[in-house]
Each structure stands twice: as C-alpha cells, then as structure tokens.
Amino acid sequence: MNNISTTKKPIGIIMHIGAGVCSELVEYQSLEPEKIVLIEADSKQSELLKRNSRSIKNIDVLACAIAGQKEQKTLHILSNKRDSSLLLPEALLDHYPSLVIAAKESVNTETLDNVLANYPLKNDQENILIIEVQGLEHEIINTTLVDSIQKFDTLIIRSPTEGLYKSENNDNESSLDVLKNIGFDFIDQKPEVLSTIFNKSYFQRNNAKIELVHCQRQLKNLTQERDAQRKLAADRQAKVDEVSQARDGQAKTVEEQKAQIQQLTTAKEQQEKLAMERQGQIKNLTQERDAQRRLAADRQAKVDEVSQA
C-alpha cells in the first residue's frame, strides 16, 4: 500500500475484490476509511473474514465472486488458496507442480457495477480499489462501466506475468492499456515477494486525462448522433423520393387511364353515330321498299282490271 498516492481528501471506500483472509486489513484500517468492503468467493475464507471483522462497524464482507456478468460459476480452490480462481490453472501448474485443485465450489458471481450500486463513491473522498482475481482482472475492467472505474482514485491490480490460467479472453488490449485509455496513470509495478510470477500494478486517476476522455467520448457521441441524424434524413429523403416517384407514376397512370377512357368514349360515340346513320339508312330503305311494294300492288291491280275488261 506504500504506492498509494493519498491526497488531502479523506479516505472514503477501500474495496478489495478477492480479499482472501485480508492480511492487509490492519493497513487498511490505519488509513481510517469511511468503509472497507471485502469481497471473497471462497465461503470458508469469507466466513473467517466475517468472524474476524464482526466487531468492526465500518467493514462489510460480501461472499461472492466478481466477474463479467451475474451467474453461477465454479471456483477452483487450489492447495495455495491465494491462487484460487474461477479459471482453471494451466501454466501455473508448470511453475508449481505440487499445486493441485483441492476443492471446487459453486459460487454466485456479481458484476462490479451491481456491487457499487450499494456503495456510492463520493467525489470529495479518495476511493481505492484492489483487484486480486487471478486472471479475471481484464474481464472485470472491460465489463465495468467506465464511469464506475473512474470514480476510484487508486487501483491496485494483482495479475499474472503470463497466461497462467485457461481464459476465453482473446482481447489483445491489456488492462494497462484500458486503464490508460480511460484516464489512469501507471505509477509502479512490483513482483510479489513470495510469488514472482504475479505482479502488483499501481494506477492513479488523472483528473485532466479523465476530463479529456469525457470530452472525447462526448465528441464521439455527438458525432455518432450527427451521423445517425444524417442517415435518418437521407433515409427520409429516399422515402420522400420513393413516394414522389410513386405519386408521379400514379398520376401518369391516371392520365393514361383518362386518355384511354376518352378514346373509348370517342369510339363509343362514333359507333353510336354510325349506328344511328345505319338505322336511318335502314329506315329509308324500308320506306323505299314499302313504296315499291305499293306501286307494284297498284300496277298489279290495273293489270287485273284490264284483263277482266
């Protein structure tokens, strides 16, 4: 804890994820924080923590694991409990051949964001986060809201020097890069005295960088909103053009149909006129025929009259 760059602000919350039996507890208490939150997945160790801190009012012990999402997972309890993890040990066993999985325990996992919902971090206090999760530190940092992490002034992360555990994480970006990108300065890194394949890295919040990160994020969000609005406007214009084209097409169709109707009407009128003319011709012919019949009858009558005389 010597690398914690304490400010003149009082200590608010010290949160230790993967606290184990918390050999640092006396040191934490010496900083006189408002609250100490110890999180431990191993039920036996969390029970021991609760018993040892029962008389201390400002200590909360949470019996759960912290991971990327809320679920049930298996805790692999190693013969050296300090190296226990939700991840299976791999290269770790090459370094310590005598190390074995002594037990397995089904544990509930919580997200750091869910835990922090019960422990509001105050800006006028210095808040410290210690992460000792044996290979899961990158997952926790990546799945926790940036604003949540940025509320801590100091981060201390215990992490393996190489891939010691079986992990599904294929992200090439390290926790160091992630923290730098969200406004933390890398202060120091020290190998553990009793286990040199683990390092402890110390990070300090840089308020100027965080302000810059917030501005960059705001600029990015505004740019995305602007681009989304442009796309929406373009989509709407395309729909307007489509509707206009459809309307113009329909207007053209209506005009064509009107022209067809006019043509059919003209043709019908012409047919009606022709029919009337033919009807007149038929009437005239009928009258002429009837006149010829009468003339023929008159002539026949005269012939009959002459013949009788």
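**Entry 1: charges and surface**

I began with the charges of this predicted model. The protein carries 41 positive and 47 negative charges, and I found their mean positions to be 6 Å apart. I then looked up the accessible surface, which comes to about 19600 Å². Carbon and sulfur atoms account for 50% of that surface. I also noted the share of buried residues, which is 35% of the 309 residues.

**Entry 2: overall form**

I looked up the secondary structure and recorded eight helices and 10 strands. The radius of gyration is 47 Å, whereas the globule rule gives 19 Å for 309 residues, so the protein is more spread out than a compact globule. I then took the extent of the C-alpha atoms along the principal axes and noted a box of roughly 165 × 45 × 40 Å. For the contacts, I considered pairs of residues at least 6 apart in sequence. Of these contacts, 69% join residues at least 24 apart.

**Entry 3: helix α8**

I turned next to helix α8, which spans residues 207–308 and contains A301. How far apart in space are A301 and E211? I found 132 Å from C-alpha to C-alpha, with their positions 90 residues apart in sequence. I also looked up the accessibility of A301: the relative value is 46%, and A301 therefore counts as partly exposed, the class that lies between the buried limit of 20% and the exposed limit of 50%.

**Entry 4: E137 in helix α5**

I placed E137 in helix α5. Is E137 buried or exposed? I recorded a relative accessibility of 8%, and E137 counts as buried because this value is under 20%. I then listed the contacts of E137, leaving aside neighbours within four places in sequence. The partners are I131, I157, R158, S159, P160 and S175. I also checked E137 against S201: the two residues are 64 apart in sequence, and their C-alpha atoms are 12 Å apart in space.

**Entry 5: two positive phi angles**

I looked up two backbone angles with a general expectation in mind. Most residues other than glycine have a negative phi. Phi of Q134, however, is near 45°, a positive value. I found Q134 in the loop between β7 (126–132) and α5 (137–143). Its relative accessible area is 6%, so Q134 is buried.

The second case is E32, whose phi is near 55° and likewise positive. I located E32 in the loop between α1 (25–30) and β2 (35–39). Which accessibility class does E32 fall into? I noted 67% relative accessibility, and E32 counts as exposed because the value is over 50%. I set the two loop residues side by side in my notes: Q134 is buried, whereas E32 is exposed.

**Entry 6: cysteines**

I closed with the cysteines. A disulfide is a covalent bond between the sulfur atoms of two cysteines. How many disulfides does the structure hold? I found zero. C64 is in no disulfide, and the nearest cysteine sulfur, that of C22, is 15 Å away. A disulfide requires sulfur atoms within 2.5 Å, so the pair of C64 and C22 does not qualify. I then compared surroundings by accessibility. C64 has a relative accessible area of 11% and is buried, while C215 has 39% and is partly exposed.

How values were computed. Residues numbered from 1 in each chain as written. Predicted model: local features only at pLDDT ≥ 70, side-chain atom pairs only at ≥ 80, totals over all residues. Heavy atoms only, no water. Helix = DSSP H or I, 4+ residues; strand = E, 2+ residues; numbered from the N terminus. Rg over C-alpha atoms; globule rule 2.2 N^0.38 Å. Buried < 20%, exposed > 50% of the residue type's maximum accessible area, 1.4 Å probe, protein only. Contact = heavy atoms within 4.5 Å. Areas by Shrake-Rupley, 256 points an atom, 1.4 Å probe, with all protein chains shown as cover. Lys, Arg positive; Asp, Glu negative; His and termini not counted. Charge placed at Lys NZ, Arg CZ, Asp CG, Glu CD.
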